[in-house]
Amino acid sequence: MMMRKYFAFVFAAVLALSVLAGCGGGSGSAEKEGSSSGSKSENGGKSGETVKIKYLVPGTEPKDYKEVFQKVNEKLAADGVGVEVEKVYIPWDAWDQKLNLMLSTGEDFDLFHVMQDRTPFSSYYSRGALADITEAIDKYGPNLKRYIPEDIFDGAKIDGSYYVVPTYWVEMASEGEFNIRRDILRENQLVEPTTPAELISAWEVVMKNWKGSNKPYLGTRADFDPISLHTSILHRSYDTFPFTVKDKFFYVNQNGEIKSWIETEEFKKDAAFMRELYTKGITNPDILIMKQEQVDAQLDSGEWFVRLGTGGSLNGLKKYNPEATVEDIGVVWFNPEKEYLRPLAFKNGNAVPVNSKHPEAAVKFMDWMLASQENYDLVQYGIEGKHYTKDGEKGFKPIKDPNNNNNPGYRGSDSQNGNVNFMRFDLESSIPENNQVLFEPNPDAINSVAANFTFDPTNVRTEYTNILSEASASITPIYMGVQEYDKAFPAALEKMKKAGLDQVVAEYKKQFQEYQASLK
């Protein structure tokens with residue numbers, strides 16, 4: 001424990017660079033019922049005392065955030081939770097740097113969002129940045145335990161203790177799919193592609209004939225992690241599938257074989273695909289410096305043909321094609337007959353920083369959200385009658401605000417703290433195929449053998465931090481296709497080796513073998 005506290009002090013010197021995962025919020029199904037247990041609980045302090053917590057999340061503050069969270073805090077008070085919440089929004093492009101700085105300097109806050117496919121919670125743990133919240137969950141988390149499956153919660157443990165609360169908002173077997181515009185296929189007399197080569201060929205035609213004001217580039221920021229980018233769509237086309245890439249650097253197949261990801265043939269094939277996109281003008285020429293807000297703006301404008309992962313809505317489509325319908329976005333899998341793999345136990349979560357003065361209050365708030373459908377709806381959808389109306393048992397209708405570009409004045413984030421037991425569909429504009437893939441359990445899916453494995457980089461903390469930084473600089477341009485693999489990779493690999501890649505891979509293998517042995 002003393003060593004972990006020491007890490008917190010030196011954290012500023014070892015900031016890890018990460019980029020955005022394709023884990024934007026979606027809307028999903030909900031159950032009307034909700035347990036009322038946990039809605040009234042001990043304050044954990046003096047009688048009648050209300051503890052104020054600060055909750056950090058990436059993104060832009062919604063127009064009516066303050067009005068909604070005044071209602072949230074009034075409801076928390078009425079339910080006797082003894083907690084008041086202030087959400088702090090940090091722009092996507094500044095998220096990693098700002099969060100890391102606040103953690104390293106011990107700034108006062110109590111809860112922050114974690115994206116497993118961007119910076120896993122084990123990375124924060126290794127730097128001594130996370131509080132052990134096991135006791136708080138056991139005491140104040142009955143609804144968390146009720147509505148988050150045990151096998152998912154198990155993935156939030158290190159050495160038997162909880163360091164993050166998973167967000168159970170998505171079927172992780174959705175990894176490996178992509179969205180395609182059927183209206184654009186019809187417009188160009190194209191058929192749905194079944195291979196990466198066919199996808200590129202179709203995309204070239206679309207780029208040539210595009211009628212919009214901006215080209216339908218691949219909408220993504222730069223990274224070298226296929227799970228973050230959803231370039232995992234390519235992996236189903238490889239003979240070696242099923243496999244996954246864990247924690248950015250580690251190839252893991254279902255036999256338990258672990259390799260350095262960037263040294264695999266699969267990485268080379270991915271890079272070749274991205275190189276072809278780049279040289280043919282299908283990715284933005286400024287891809288290496290694209291900010292998430294720029295990517296979001298392109299996707300929201302409806303000027304896209306393919307987006308990795310799933311997303312989009314009818315409103316976006318209609319900006320480009322007023323005749324579009326919700327059936328005009330389709331879900332495509334290469335080799336759909338192959339197994340569907342869950343690469344991670346969970347994709348997102350929320351953690352309490354080690355310097356928080358109110359870890360129990362943070363857990364109480366997360367538990368309160370799942371204490372009733374009413375609580376959940378308020379945090380996620382805002383004020384009924386102003387920001388949304390209910391649409392049957394599982395739906396909602398957003399209310400457009402003319403002073404907010406005709407978007408609702410408030411919307412929460414399913415990816416940050418949603419739960420499939422409570423989530424609602426926008427039945428009019430959400431995409432049916434996406435809803436099915438994202439929010440309905442896939443009975444045919446299998447878990448990666450490493451889905452619940454949590455890597456603890458403590459023993460190679462310096463090397464792990466170094467390779468994160470070096471990969472961002474040297475590997476990302478190759479993986480994104482900006483630099484040619486054959487010319488740039490040898491020098492980049494040498495830099496990665498000097499930064500400590502081999503030591504980190506060896507430690508990962510050691511820990512994974514111990515993990516597998518513990519299951520026998």
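Visitor: In the hairpin of β15 and β16, which residue takes a positive phi?
Guide: Let's start with the words: helices (H or I, at least four residues) and strands (E, at least two) are DSSP runs, numbered from the N terminus. Strands β15 (residues 388-391) and β16 (residues 395-398) are antiparallel partners with 4 bridges, and two strands pair if DSSP finds at least two bridges between them. The hairpin has 3 residues between the strands, and the one with a positive phi near 75 degrees is G392.

Visitor: What kind of model am I looking at?
Guide: Residues are counted from 1 along each chain as its sequence is written, and side-chain values use heavy atoms, with hydrogens and water left out. Local features need pLDDT of at least 70, side-chain atom pairs count only at pLDDT 80 or more, and totals for chains, interfaces and linings use all residues, since the model is predicted.

Visitor: Back to that hairpin: which residue of β16 does T389 stand opposite?
Guide: Remember that β15 and β16 run antiparallel. In general, strands of a sheet pair through backbone hydrogen bonds, either parallel or antiparallel. Facing T389 from β16 is K397.

Visitor: How many helices and strands does the protein chain have, and is the chain compact or not?
Guide: Its secondary structure comes to 20 helices and 17 strands. The radius of gyration, taken over C-alpha atoms, is compared with a globule rule of 2.2 Å times the number of residues to the power 0.38. The chain has 22 Å, close to the 24 Å that the rule gives for 520 residues, so for a globular protein of that length it is just as compact.

Visitor: What share of the 520 residues is buried?
Guide: Buried means under 20% relative accessible area, exposed means over 50%, and partly exposed is in between, using a 1.4 Å probe and protein chains only. By that yardstick, the buried share of the protein chain is 59%.

Visitor: Which strand sits between the two edge strands of the open sheet?
Guide: This sheet has 3 strands with antiparallel pairing. Its edge strands, each pairing on one side only, are β11 (306-308) and β12 (329-332). Given the order β11-β7-β12, the strand between them is β7.

Visitor: And which residue of β11 is the bridge partner of F178?
Guide: Strand β7 covers residues 178-181, and 3 bridges join it to β11 in the antiparallel sense. In β11, F178 has as its bridge partner L308.

Visitor: At about what angle does helix α17 run to β12?
Guide: Angles run from 0 to 180 degrees between N-to-C directions, with axes being lines fitted to C-alpha atoms, for helices over the stretch in contact. Contact means heavy atoms within 4.5 Å. Helix α17 (residues 432-439) lies across β7 and β12, and its angle to β12 is about 40 degrees.

Visitor: How is the pair of W261 and Y479 arranged?
Guide: The structure holds 40 aromatic pairs; rings of Phe, Tyr and Trp (its six-membered ring) pair if their centres lie within 6.5 Å, with planes under 30 degrees apart counted as stacked, over 60 as edge-to-face and the rest as tilted. W261 and Y479 have ring centres 6.4 Å apart and planes at 70 degrees, so the pair is edge-to-face.

Visitor: How many residues apart are W261 and Y479?
Guide: W261 is buried at 0% relative accessibility, and Y479 is buried with a relative accessible area of 0%. W261 lies in the loop between β10 (258-260) and α11 (265-279), Y479 is in helix α18 (residues 461-479), and their separation in residues is 218.

Visitor: What is the centre to centre distance for Y388 and F396?
Guide: Y388 is buried with a relative accessible area of 3%, and F396 is buried with 4%. Those two make an edge-to-face aromatic pair, with 75 degrees between the planes and a centre to centre distance of 6.5 Å.

Visitor: Is T220 buried or exposed?
Guide: T220 lies in the loop between α9 (196-209) and α10 (226-229). Not counting residues up to four places away in sequence, T220 touches L229, I287, M290, V295 and M480. With a relative accessible area of 13%, T220 is buried.

Visitor: What about Q189, buried or exposed?
Guide: Q189 is found in the loop between α8 (182-187) and α9. Though not a glycine, Q189 has a positive phi near 55 degrees. Its relative accessible area is 75%, so Q189 is exposed.

Visitor: Last one: what is omega near for the cis peptide bond from F241 to P242?
Guide: P242 lies in the loop between α10 and β8 (243-246). For the cis bond that leads from F241 to P242, omega is near 15 degrees.
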